[in-house]
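Biologist: I have the model open and would like the reasoning behind its labels. Please take me through the terms and show how each value leads to its name.

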Amino acid sequence: MISFNFNEHCCGCGSCKNSCPVNAITMKADTEGFLMPEINKEICINCEKCDKVCPYENTKVDIKKFSLSDFDNKKAYLYYSSRPERKDSASGGLVYDLSHRIVDNGGFVCGCVWDKEMRACHIVSNKLEDLRRMQSSKYVQSDTKLCFVEIKKLLKEKKEVMFCGTPCQTAGLHQFLGKSDISKLISVCLICHGVPSPLVWENIKRQ
Ligand SMILES: Cc1cc2nc3c(=O)[nH]c(=O)nc-3n(C[C@H](O)[C@H](O)[C@H](O)COP(=O)(O)OP(=O)(O)OC[C@H]3O[C@@H](n4cnc5c(N)ncnc54)[C@H](O)[C@@H]3O)c2cc1C
């Protein structure tokens, strides 16, 4: 059963919740509104699937080992969309253009939208109107709900899927997918300095 100092280390990606075969994990808001797993010990069957998919427990990266020379042979590109919808994107609309291409080719996109209560959450869709909702940065933590399960199912059906989210969420998704065939998955990590508190956002909404 997943258990570490959530307040200190959990990024709230929801990978554990997505992995639980008996729905014993709920993502609950902490005192600042950040989503953390809450485990119902009464129904937990101790299968340890949540431990196996947690990016914190399984991705041990020592950032001290990185140096500038690691980037010597890496390529970087500048891009901006030539579509008129670009003005509704955050930084030139690369993600929007990529999403459009995936959907035009029969695939699905998982990205962050505002729901009816103006809460940020991820959805999976192949509808162009939803790609418009995914455009631009929502500066608050997004709830990935059960999107990882949906993505796994689509990949199994050999559908192309693009995921766009924070690097933490992307790490969670990859850990969740484990040994699944991910040849039809495109993951896009946005540059992210960290997600602001959902509770601050809720308070702003009430003003
Ligand atoms: C929490 C957060 C922190 C950021 N920090 C930085 C930073 O430090 N430096 C910097 O240069 N840029 C930062 N950005 C901006 C981000 O890098 C741009 O959104 C990115 O450049 C994409 O631009 P675009 O025009 O291609 O995407 P668009 O076409 O505007 O699409 C935006 C994409 O971002 C995803 N997205 C939006 N909000 C969220 C969210 N809350 N959680 C997960 N995914 C989300 C959507 O799914 C969508 O696919 C941040 C964005 C967010 C949401």
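Modeller: In helix H8, the buried residues are Gln169, Thr170, Gly172, Leu173, Phe176 and Leu177. They span an arc of only 160° around the axis, so they sit on the same side of H8. Bear in mind that this is a predicted model.

Biologist: What makes a residue such as Leu173 in H8 buried?

Modeller: The name buried is given under 20% relative accessible area. Leu173 in H8 is listed as buried, so its value lies under that 20% cut-off.

Biologist: What comes just after H8?

Modeller: Gly178 does, with a positive phi of about 50°. Two residues that are not glycines also have a positive phi: Asn46 at about 55° and Met118 at about 60°. Asn46 is in the loop between S2 and helix H3 (49-53), while Met118 is in the loop between S3 and strand S4 (120-125).

Biologist: Why is Met118 called partly exposed?

Modeller: Its relative accessible area is 36%. Partly exposed covers what falls between the 20% and 50% cut-offs, so the name follows.

Biologist: What kind of unit do S5, H8 and S6 make?

Modeller: S5, helix H8 (residues 167-177) and S6 form a right-handed β-α-β unit. Right-handed is the name used because, with the strands pointing away from the viewer, the path from the first strand over the helix to the second runs clockwise.

Biologist: How do you know that S5 and S6 pair?

Modeller: Strand S5 (residues 161-165) and strand S6 (residues 185-189) are joined by five bridges in the parallel sense. At least two bridges are needed for a pair, so five meets the rule. Met162 stands opposite Ile186 in S6, and Cys164 has Val188 of S6 as its bridge partner.

Biologist: Which other strand is joined to S5 by bridges?

Modeller: Strand S3 (residues 108-114), running parallel to S5, with three bridges. That also satisfies the rule of at least two, so S3 and S5 count as paired. Here Cys110 is opposite Phe163 in S5.

Biologist: Why is S5 described as largely enclosed?

Modeller: Five of its five residues are buried, so S5 is largely enclosed by the rest of the structure. Val161, Phe163 and Gly165 point one way from the strand, Met162 and Cys164 point the other way, and all are buried. In a regular strand the side chains alternate between the two faces of the sheet.

Biologist: What makes Lys28 and Glu38 a salt bridge?

Modeller: Their side chains meet at 3.1 Å, N to O. The cut-off is within 4 Å, so the pair qualifies. Lys28 is in strand S1 and Glu38 in strand S2 (residues 35-39), 10 residues apart, and the pair links distant parts of the chain. Lys28 is partly exposed at 39% relative accessible area, and Glu38 is partly exposed at 42%.

Biologist: How do you know that Asp88 and Lys87 form a salt bridge?

Modeller: The closest N and O atoms are 3.9 Å apart, and the limit is within 4 Å, so the pair counts. Lys87, Asp88 and Arg132 are linked in a network of salt bridges.

Biologist: Why is Lys87 called exposed and Asp88 partly exposed?

Modeller: Lys87 has a relative accessible area of 66%, and exposed means over 50%, so the name fits. Asp88 is at 33%, between the two cut-offs, and is therefore partly exposed.

Biologist: What does the pair Lys158 and Asp181 tie together?

Modeller: These side chains meet in a salt bridge at 3.5 Å, N to O. Lys158 lies in the loop between helix H7 (147-156) and S5, and Asp181 in the loop between H8 and S6, so the pair ties together parts 23 residues apart in sequence. Lys158 is exposed at 52%, whereas Asp181 is partly exposed at 43%. By the same 4 Å rule, the count comes to 11 salt bridges.

Biologist: Which residues make the nonpolar surface patch?

Modeller: Val22, Ile43 and Ile45 make a patch of about 230 Å². Val22 is in the loop between helix H2 (15-19) and strand S1 (25-29), and at 30% relative accessibility Val22 counts as partly exposed.

Definitions and conventions:
Residues numbered from 1 in each chain as written. Predicted model: local features only at pLDDT ≥ 70, side-chain atom pairs only at ≥ 80, totals over all residues. Heavy atoms only, no water. Patch = residues over 30% accessible without salt bridge, like charges linked within 9 Å, V, L, I, M, F, W, Y side chains within 5 Å. Areas by Shrake-Rupley, 256 points an atom, 1.4 Å probe, with all protein chains shown as cover. Helix = DSSP H or I, 4+ residues; strand = E, 2+ residues; numbered from the N terminus. Buried < 20%, exposed > 50% of the residue type's maximum accessible area, 1.4 Å probe, protein only. Arc of directions from axis to C-beta.
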